[in-house]
Amino acid sequence: MEFIKTKFDGAWTVQPVVHGDERGFFLESYSSKDFQTAGITASFVQDNHSLSVAPGVLRGLHLQRPPFAQSKIIRVIRGAMFDVIVDLRAHSPTFGQWEGFEMTETNFSMLFVPHGFAHGFCTLAPRTEVIYKVDTPYAPLYEGGIRWNDPDIGIQWPNDAPILSEKDKCLPFFKDFISPF
């Protein structure tokens, strides 16, 4: 596996070694040894799987507050998405900044997101499926988020009229967010 630094301290894109031939492919999507060698010591406790039927589905920007903050490893297994993380660590030099990554079933790219970030994605293809590992179980009382189109963050999404859940339409703006990280 190749671990590639993002602009954020602690966040990485991960490129697995893909062995392919006329039959298909094989890859190792997670190795605790490789992640620990890269300095990532999160211990994953849960796998999640989402399906977005249409292109333009936007999920996020989501987070969980301490003590249930989550680190994640995110991977597209079918389709394509534009994946975004926003640094919410109040004392970070990149606080409030975002970075986006195109992740597809054919580029095999993964993203490791540490505690202290909001995360969201917009699908680029029909029937996009995403799987992700988390190091802390979901805790509904500690969930939160930031509005997907917050003008202070300025994310350049690939779709300016996405399909949103009712919950995501009502998330607060960044200026009203008090960082617990």
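Me: Where does R127 sit in this predicted model?
Reply: Keep in mind that the model is predicted. Look between two strands, β11 (117-123) and β12 (128-134). R127 belongs to the loop between β11 and β12.

Me: And what is the phi of R127?
Reply: R127 is not a glycine, and yet its phi is positive. As for its surroundings, R127 is partly exposed, with a relative accessible area of 39%. Its phi is about 55°.

Me: Is F108 buried or exposed?
Reply: F108 is in the loop between β9 (98-104) and β10 (110-113). Its phi is positive, near 60°, in a residue other than glycine. The cut-off for buried is under 20% relative accessible area. F108 has 16%, so it counts as buried.

Me: Which residue does a cis peptide bond join to P66?
Reply: For this bond, omega is about 5°. The partner is in the loop between β6 and β7 (72-78), and that partner is P67. So to speak, it's a pair of prolines, P66 and P67.

Me: What is omega for the cis peptide bond from G60 to L61?
Reply: L61 is found in strand β6, which covers residues 58-64. The bond leading from G60 into L61 is cis. Its omega is near 5°.

Me: How many disulfides does the structure hold?
Reply: A disulfide needs two cysteine sulfur atoms within 2.5 Å. For C122, the nearest cysteine sulfur is that of C170, 18 Å away. Seen from C170, the nearest is the sulfur of C122, and C170 is in no disulfide either. The count of disulfides is zero.

Me: Which of these is buried and which is exposed, C122 or C170?
Reply: Accessible area settles this one. C170 has a relative accessible area of 60%, so it is exposed. C122 has 0%, so the buried one is C122.

Me: How far from D150 is the nearest side chain of opposite charge?
Reply: D150 is in the loop between β13 (143-145) and α2 (166-169). D150 is buried yet has no salt bridge. A salt bridge would need a side-chain nitrogen within 4 Å of a carboxyl oxygen. The nearest side chain of opposite charge is that of R147, and its distance is 7.1 Å.

Me: Which residues does D150 touch, not counting those up to four places away in sequence?
Reply: Close neighbours along the chain are set aside here, up to four places away. What is left are F173, F174 and K175.

Me: How far apart in space are G39 and Q70, C-alpha to C-alpha?
Reply: G39 is in the loop between α1 (32-37) and β5 (46-52). G39 is exposed, with a relative accessible area of 55%. In sequence, G39 and Q70 are 31 residues apart. In space, C-alpha to C-alpha, the distance is 17 Å.

Me: What is the volume of the largest cavity?
Reply: A search of the whole structure finds one cavity of 30 Å³ or more. Among the 13 residues that line the largest cavity, the closest to its centre are L63, Q64, Q70, K72 and F117. Its volume is about 80 Å³.

Me: Which element gives the largest share of the lining of the largest cavity?
Reply: The elements that give two or more residues to this lining are β6 and β11. The largest share is three residues, and it comes from β6.

How values were computed:
Residues are numbered from 1 along each chain as its sequence is written. This is a predicted model: local features need pLDDT of at least 70, side-chain atom pairs count only at pLDDT 80 or more; totals for chains, interfaces and linings use all residues. Side-chain values use heavy atoms; hydrogens and water are left out. Helices (H or I, at least four residues) and strands (E, at least two) are DSSP runs, numbered from the N terminus. Buried means under 20% relative accessible area, exposed over 50%, partly exposed in between (1.4 Å probe, protein chains only). Lys and Arg count as positive and Asp and Glu as negative; His and the chain ends are not counted. Contact means heavy atoms within 4.5 Å. On a 1 Å grid over the protein atoms alone, a cavity is a set of points where a 1.4 Å probe fits but cannot get out, and a pocket is an open set with protein on both sides within 12 Å along at least five of seven lines; lining residues have an atom within 4 Å of a point. Grid points are joined across faces, edges and corners, and a volume is the space filled by probe spheres set on the points.
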